[in-house]
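This report goes through one protein chain, from its overall make-up to its surface. Please look at the model before reading on.

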Amino acid sequence: MTGSTEKESYAMEHIPAAAWLTEAASAADKQGPGNLLRVVLVVMVVGVALTAWFLLRGYKRDD
């Protein structure tokens, strides 16, 4: 079939940048605990690195 359906033509419709940004901003509010989870993960990784450094520096021998 060479013709496109109405659904396909709507999917290929050009969306202005302002409308796209507005939709993206409103969708970001509905994402859930994403930012909080990122902060928790970053703090956890930094805490693990500092704990490892603190523990491992005690094993350094001064010969």
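The sections below cover confidence, fold, exposure and a few side chains.

## Confidence

The model is predicted. Across the chain the mean pLDDT is 76, with 68% of residues reaching 70 or more. Confidence is lowest in helix 1 (residues 6–11), where the mean is 55, and highest in helix 3, where the mean is 92. Where pLDDT is low, the predicted coordinates should not be read in detail.

## Secondary structure

The chain has 3 helices and 0 strands. Read from the N terminus, the order of elements is α-α-α. Helix 3 spans residues 34–57 and includes Phe54.

## Exposure

Of the 63 residues in the chain, 0% are buried, where buried means under 20% relative accessible area. The chain has an accessible surface of about 6,500 Å², and carbon and sulfur atoms account for 66% of that surface.

## Nonpolar patch and aromatic side chains

A nonpolar patch of about 650 Å² lies on the surface. Its members are Val42, Val46, Leu50, Trp53, Phe54 and Leu55.

Trp53, one of the patch residues, also has a charged neighbour: Arg57 sits over the face of Trp53, 5.3 Å from the ring centre. As for contacts between rings, the structure holds 0 aromatic pairs.

Technical notes: Residues numbered from 1 in each chain as written. Predicted model: local features only at pLDDT ≥ 70, side-chain atom pairs only at ≥ 80, totals over all residues. Heavy atoms only, no water. Patch = residues over 30% accessible without salt bridge, like charges linked within 9 Å, V, L, I, M, F, W, Y side chains within 5 Å. Areas by Shrake-Rupley, 256 points an atom, 1.4 Å probe, with all protein chains shown as cover. Salt bridge = Lys/Arg side-chain N within 4 Å of Asp/Glu carboxyl O. Helix = DSSP H or I, 4+ residues; strand = E, 2+ residues; numbered from the N terminus. pLDDT = per-residue confidence, 0-100. Buried < 20%, exposed > 50% of the residue type's maximum accessible area, 1.4 Å probe, protein only. Phe/Tyr/Trp six-rings, centres within 6.5 Å; stacked < 30°, edge-to-face > 60°. Lys NZ or Arg CZ within 6 Å of the ring centre and 35° of its normal.
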